[in-house]
Amino acid sequence: MKYRNFGKLGIECSAFGIGCMRFPMKKNEDGVNTVDQEIANEILHTAIDNGVNYIDTAYVYSDRQNEKAVGTALKGGYREKVHIATKLPVWDVKSKEDMYRLYEEQRANLQVDFIDFYLIHSLNLGQWKRLRELGVREFLDDLKKQKKITYACFSFHDNYDAFEQILNDYDWDMCQIQFNYMDINNQATIKGVELAGSKNIPIVIMEGLQGGRLANVPGSVKKVFESYKEKRTPAEWAFRWLCNFPQIGTVLSGVTNLEQTYQNLETFDKTGVGIMTHEELEIVDRAREEYMRRIKVGCTGCRYCMPCPMGVDIPGIFGTWNEAYKFRDDISKNGHYNRILNDGHGANKCVACGKCMEKCPQSISIPEMLRQANCELQ
Ligand SMILES: NC(=O)c1ccc[n+]([C@@H]2O[C@H](COP(=O)([O-])OP(=O)(O)OC[C@H]3O[C@@H](n4cnc5c(N)ncnc54)[C@H](OP(=O)(O)O)[C@@H]3O)[C@@H](O)[C@H]2O)c1
């Protein structure tokens, strides 16, 4: 495993970090959907046995059961080998007391004495201002002082200006951003990477494959990658590109099975700062240009928008729509969309209440895009 510099913290973490958000779910004996603990154990143990030392979870993942599953998997000596990162669910915070209550609940879920990286989850400027008023900075200082957390951090979904403001507003130990070769001008942007780097604040990357989209690229993008002399998967190109940046610490990948875990372990072993040649960087630029022509909506399938009060399958519809564009299928009379409609989860059910938009990290105009999807896909 390659280890990477965490800037001002003076520590090194594995280049590959396990993002636990996408662990598969299955029904338990009571018919309740829970994390498939067997697969979670398999993924985490394999990764850690092969040198991964950074594990990312959050209170809200897997219907709020992810932290517990991670805590369970890390028993038996694994916890001591890793840095655990989890996130305060800002949506549940109405007071400073809520922050302390949620922290203690999270620590109990994880079955640990302290949390290494404690992040304020999914900050945008509005949330940051609200939480700052509630005293989140003092809360973080206090947890650090009490050694209940080691590092005070945030994960981010907004634009560059918001990122700059938040980054400059507290003495952060780390920031987690969405970044990949398609998002150089989106979210924190490449300027945000440089800004954090200039302050020596380590960066952890999420959505490095845009939730899997960059692993499954359309044929024309694949052809661009295949024009290079060495054979690499699209996922390898995406991770290699990220690890080329000196400012970037760990790159999370939300693996869903053991095969992806092994593939990524191998891929990250071949990465490094500044190792991409001019020719390779040009290939990624060409792949980006080609991809841009084929995307309809920037949904990464994170499901933060769900559940929709009207039962609309928002990520399912956007995924179907993008797939149709990506592969230039006949966009209308889409079979998959018809199934969603027949199941009562179609875009026709949207009443534009806007609840989803408050939570969408990508700031997608969801009701408007649903309206368009509904017109185009049938
Ligand atoms: N803080 C936040 O606001 C926030 C938001 C989003 C994510 N996160 C965290 O960041 C982590 C990483 O983000 P992400 O899950 O979106 O990561 P990602 O790496 O962009 O996407 C993960 C998906 O990529 C596919 N994949 C992974 N390795 C692959 C491989 N070798 N070959 C082919 N496909 C591969 C899998 O999709 P398939 O299973 O479909 O094949 C997997 O579910 C999350 O798990 C979560 O812990 C945090």
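Begin the tour by selecting Cys-302, which sits in the loop between helix H12 (278-292) and helix H13 (314-326); helices here are DSSP runs of H or I with at least four residues, strands are DSSP runs of E with at least two, and both are numbered from the N terminus. Before going further, keep in mind that this is a predicted model, in which local features need pLDDT of at least 70 and side-chain atom pairs count only at pLDDT 80 or more, while totals for chains, interfaces and linings use all residues. Residues are numbered from 1 along each chain as its sequence is written.

Cys-302 is buried because 22 other C-beta atoms lie within 10 Å. A residue is called buried if 20 or more other C-beta atoms lie within 10 Å of its own, exposed if 12 or fewer do, and partly exposed in between, with the C-beta atoms placed from the backbone. In the same loop between H12 and H13, select Pro-307, and look at the peptide bond that leads to Pro-307 from Met-306, which is cis, with omega near 0°.

From Cys-302, move next to Gln-210, which is 92 residues away in sequence but 9.4 Å away in space, C-alpha to C-alpha. Gln-210 lies in the loop between S11 and H9, has a positive phi of about 50° although it is not a glycine, and is buried, with 21 other C-beta atoms within 10 Å.

Follow the chain into helix H9 (residues 219-226), where the buried residues are Val-221, Val-224 and Phe-225. They cover an arc of only 95° around the axis, the arc being that of the directions from the helix axis to the C-beta atoms, and this puts them on the same side of H9. Turn the view to the other side of H9, where Gly-219 and Glu-226 are exposed.

Now bring the strands into view. A closed barrel of eight strands runs S3-S6-S7-S8-S9-S10-S11-S12, with parallel pairing, where two strands count as paired if DSSP finds at least two bridges between them. From one strand to the next, the twist averages 30°, as an angle between N-to-C directions that runs from 0 to 180 degrees, with axes fitted as lines to C-alpha atoms.

Select strand S3 (residues 16-19), which is covered on both faces, with Phe-16 and Ile-18 buried on one side and Gly-17 and Gly-19 buried on the other. S3 runs parallel to S12 and is joined to it by three bridges, and in that pairing Ile-18 stands opposite Ser-253. Two bridges also join S3 to strand S6 (residues 54-56), again in parallel, and there the bridge partner of Ile-18 is Ile-55.

Just outside S6, Asn-53 can be picked out in the loop between helix H1 (37-49) and S6, and this residue counts as buried because it has 20 C-beta neighbours inside 10 Å.

Further along the barrel, select strand S10 (residues 174-178), where five of the five residues are buried. Met-174, Gln-176 and Gln-178 point one way from S10, whereas Cys-175 and Ile-177 point the other way. Strand S9 (residues 149-156) pairs with S10 in the parallel sense over four bridges, and Phe-156 stands opposite Ile-177.

Past S10, stop at Gln-187, in the loop between S10 and helix H8 (189-198). Gln-187 has a positive phi of about 60° although it is not a glycine, and is buried, with 24 other C-beta atoms within 10 Å.

Display the ligand next: of the 31 residues around it, Gly-19, Ser-155, Met-206, Gly-212 and Gly-254 come nearest, a residue being near if its C-beta atom, placed from the backbone, lies within 6 Å. Strand S8 (115-123), S12 and helix H11 (258-269) each supply at least two residues of this shell, and H11 gives the most, with three residues.

Finally, zoom out to the whole protein chain, which is divided into domain 1 (3-292) and domain 2 (314-377), with bounds that come from an automatic or database domain assignment. Taken over C-alpha atoms, the centres of domain 1 and domain 2 are separated by 27 Å.
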